[in-house]
Amino acid sequence: MASASNILRSRSWQLSLAAFGAGTATYMLFPKAEMKSEKKAKAKSAEKVASGGEDVPKLLNEAYAKLNGPDGAKCKSLLKKYLTKDVIEKNKNKKTKLGASLYDCIRSGVYNLDAGVGVYAPDAESYTVFADLFDKIIEDYHGFSPKQKQPPVDLGEGRCKELKPLDPQGKYIKSTRIRCGRSLAGFPFNPLLKAADYETMEAKVKQSLESVKDKELKGTYYPLQGMTKETQAKLIADHFLFKEGDRHLQHANACNFWPKGRGIFHNNNKSFLVWVNEEDHLRIISMQDGSDVGNVLDRLIRGVKAIEAIVPFSRDPRLGFLTFCPTNLGSTVRASVHIKLPKVSARKDFKQICDKLNLQVRGIHGEHSESEGGVFDISNKQRLGISEYQAVRQMYDGVKKLIELEESA
């Protein structure tokens, strides 16, 4: 299987430390805005492709030719690797019950030849209807075969206290963050959502958040539609406001009716956030300064449970919690720390050490970025095939070992 660090989908998420109020640090939580007017124009035209009776077999053949022709010479995506003529022939006339075609799944990777993966699932059924393609990509990315099954849900309730602070003296770890993605049961993913769907979903999530009785989780929901300049400035200053999707999401037809039905929630302590209808239906985030992984996980669990009590989530028996991008399937959990390890990170085999510990290393500005000031973003590499708690534990045990290596260097 190719290294996960080499096949990340090419989206750049800023995850840098930033101060907000009283010296507290958190993560910057919005995507880099890199689209120029030309890219936006291409994205808009891409949204029209394969919708309204287009010739899907023809589009698939053109996509194959592009990926394997001069334009795709430098393309190294998993889409290019696994979109064979045989896959096209078997799936060229298939559609999901909601109308998604194979081309709808691949068009982002066809337009963005620098993508690491290059596919998205327009709806949950796409993972089974187009299994000829998705299964191969999932196995390559996650090491999860078609015969394997995602373990039962295990968030780690009652075991958070086992996760003692990794760096109690604050010598290495700056902050800790755990997030998960969730899809609402009964709704497709972004490309097939209607305007009314966005509004209905937003209302359901807003209701669940407003009904939370946990004092630590209480906060405010900010809809993007109709947001005042003052509120926008406040959320940007706190590094909480996400922007319209990048070119990969644009070409995946994931930004329809923007900003309708989108918004963010954060608690009063600014340590618990929920993104509504950005990429996935929900991104649920818990974070704080320091290295108390157990406390961060406990808050995330309480938040997930509070929302789920009112809004049922979509889960597949084999693939676990379903997400728009196949890289996030399964537990959907990404547990990470921002950490400075001057001695260990200076070693030539630093990345190899992290690979052996099942850790993923990024710069503090997210995927494909470099370290800044010697600080790295380090997280669990695996999400599919392990439980939610095991995903957090993978990061915890791996980072603990890195600190031991730093101390003994």
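This section describes the fold, burial and side-chain contacts of a predicted model.

The protein contains 13 helices and 12 strands, and of its 409 residues 57% count as buried. Where contacts between residues at least 6 apart in sequence are considered, 75% of them join residues at least 24 apart. The surface that the protein exposes amounts to about 17000 Å², of which carbon and sulfur atoms supply 50%.

Burial was examined for individual elements, beginning with helix H5, which spans residues 102–111. In this helix 9 of the 10 residues are buried, so that H5 is largely enclosed by the rest of the structure. The buried set comprises Leu102, Tyr103, Asp104, Cys105, Ile106, Arg107, Ser108, Gly109 and Val110, and thus includes the charged residues Asp104 and Arg107 in addition to residues such as Leu102 and Ile106. Strand E12, formed by residues 375–380, is likewise mostly covered, with 6 of its 6 residues buried. This strand is joined by 5 bridges to strand E10 (residues 334–340), and the two run antiparallel; within the pairing, His338 stands opposite Asp377 of E12.

The cysteines were considered next. The structure holds 0 disulfides, a disulfide being in general a covalent bond between the sulfur atoms of two cysteines. Cys180 has a relative accessibility of 1% and therefore counts as buried, and for Cys325 the computed relative accessibility is 1%, so that Cys325 also counts as buried. Cys105, in helix H5, is a further cysteine found among the buried residues.

An intermediate degree of exposure is found at Thr231, which lies in helix H9 (residues 229–237). Its relative accessible area is 22%, and Thr231 is therefore classed as partly exposed, given that the buried class is confined to values under 20%. From Thr231 to Leu241 the separation is 10 residues in sequence, while the distance in space is 9.9 Å from C-alpha to C-alpha.

A search of the whole structure finds 22 salt bridges, of which several are described here. Glu89 forms one with Lys92, the closest N and O atoms lying 3.1 Å apart, and Lys92 is partly exposed at a relative accessible area of 24%. A second salt bridge brings together the side chains of Lys381 and Asp355, with an N to O distance of 2.9 Å. This pair links distant parts of the chain, since Lys381 is located in the loop between E12 and helix H13 (388–408), whereas Asp355 belongs to helix H12 (residues 350–356), the two residues being 26 apart. The partners fall into separate accessibility classes: Lys381 is buried, with a relative accessible area of 15%, whereas Asp355, at 29% relative accessibility, counts as partly exposed.

Within helix H13 itself, the side chains of Asp397 and Arg393 meet in a salt bridge with an N to O distance of 3.1 Å. Because these residues are 4 apart in the helix, about one helical turn separates Asp397 from Arg393. Asp397 is partly exposed, with a relative accessible area of 36%, and Arg393 counts as partly exposed at 26% relative accessibility. Elsewhere, salt bridges that share partners join Asp214, Glu216, Asp298, Arg299 and Arg302 into one network.

Key. Residues numbered from 1 in each chain as written. Predicted model: local features only at pLDDT ≥ 70, side-chain atom pairs only at ≥ 80, totals over all residues. Heavy atoms only, no water. Buried < 20%, exposed > 50% of the residue type's maximum accessible area, 1.4 Å probe, protein only. Contact = heavy atoms within 4.5 Å. Areas by Shrake-Rupley, 256 points an atom, 1.4 Å probe, with all protein chains shown as cover. Disulfide = S-S within 2.5 Å. Pairing = 2+ DSSP bridges. Salt bridge = Lys/Arg side-chain N within 4 Å of Asp/Glu carboxyl O.
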